[in-house]
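The following note is addressed to a colleague who has not yet examined this entry. The points are numbered for ease of reply.

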Amino acid sequence: AKEAQSRSVVADTIETELKAVERKLAAGISGEVEERKHHHDNLKAALESKVDGANEARAELAKELTQAIRATEADLKSLIHKETDERQLAVHLEAQERKSADDAMRS
């Protein structure tokens with residue numbers, strides 16, 4: 001009877017210790033899972049921040065390119081008008097020279 005009681009005490013002790021080890025393992029695993037989740041969340045936030053920064057930079061670049069294109073278009077239009085005005089002036093001056101030459105020959 002004493003031996004059976006001793007075995008029962010040993011079995012209870014082993015069971016108690018096993019439960020304690022299981023709790024420690026579960027807590028450790030839970031802690032590691034939580035730590036990895038936290039690390040994952042940090043990486044995700046950093047990546048989202050980089051994506052947002054890249055999108056902002058892309059939008060700013062697009063804005064600057066649009067402004068440069070508009071400025072170039074305005075410069076080209078100005079040059080075209082200037083060239084047209086110069087041609088018209090040249091044609092007008094040639095016509096005046098011909099008229100003057102014609103007038104000189106008539107007189």
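1. The first point concerns a charged pair. In this predicted model, the side chains of E15 and K19 are joined by a salt bridge, with a distance of 3.3 Å from N to O. Both residues belong to helix 1, and because they stand four residues apart, about one helical turn separates them. Neither end of this pair is buried: E15 is partly exposed at a relative accessible area of 41%, and K19 is likewise partly exposed at 42%.

2. A second pair is found at E3 and R7. These two residues form a salt bridge in which the closest N and O atoms are 2.5 Å apart. Their spacing along helix 1 is four residues, or about one turn of the helix. R7 has a relative accessibility of 56%, and since exposed means over 50%, R7 counts as exposed.

3. A third pair links R106 with D103. Here the closest N and O atoms of the salt bridge are 3.8 Å apart, which remains within the 4 Å cut-off for such a contact. R106 and D103 are three residues apart in helix 1, again described as about one turn. The two partners fall into separate accessibility classes: R106 is exposed, with a relative accessible area of 67%, whereas D103 is partly exposed at 35%.

4. How many salt bridges does the count come to? The total is six, and the pairs described above are among them.

5. On the charges of the chain as a whole, there are 18 positive and 23 negative ones. The mean position of the positive charges lies 4 Å from the mean position of the negative charges.

6. The secondary structure is simply stated: the chain has one helix and zero strands. As to overall dimensions, the radius of gyration is 46 Å, well over the 13 Å that the globule rule gives for 107 residues, so the chain is more spread out than a compact globule. The C-alpha trace spans about 155 × 10 × 5 Å along its principal axes. Helix 1 itself covers residues 2-106.

7. What share of the 107 residues is buried? The share is 0%, where buried means under 20% relative accessible area. The chain exposes about 10000 Å², and carbon and sulfur atoms supply 58% of that area.

8. A nonpolar patch on the surface also deserves the reader's attention. The patch is formed by V21, L25, I29 and V33, which together have about 380 Å² of accessible area. One of these residues, L25, is placed in helix 1. L25 has a relative accessible area of 53%, and because the threshold for exposed is over 50%, L25 is classed as exposed.

9. In summary, the predicted model presents a chain with one helix and zero strands, six salt bridges and a surface patch made of V21, L25, I29 and V33.

Methods. Residues numbered from 1 in each chain as written. Predicted model: local features only at pLDDT ≥ 70, side-chain atom pairs only at ≥ 80, totals over all residues. Heavy atoms only, no water. Patch = residues over 30% accessible without salt bridge, like charges linked within 9 Å, V, L, I, M, F, W, Y side chains within 5 Å. Areas by Shrake-Rupley, 256 points an atom, 1.4 Å probe, with all protein chains shown as cover. Helix = DSSP H or I, 4+ residues; strand = E, 2+ residues; numbered from the N terminus. Buried < 20%, exposed > 50% of the residue type's maximum accessible area, 1.4 Å probe, protein only. Rg over C-alpha atoms; globule rule 2.2 N^0.38 Å. Lys, Arg positive; Asp, Glu negative; His and termini not counted. Charge placed at Lys NZ, Arg CZ, Asp CG, Glu CD.
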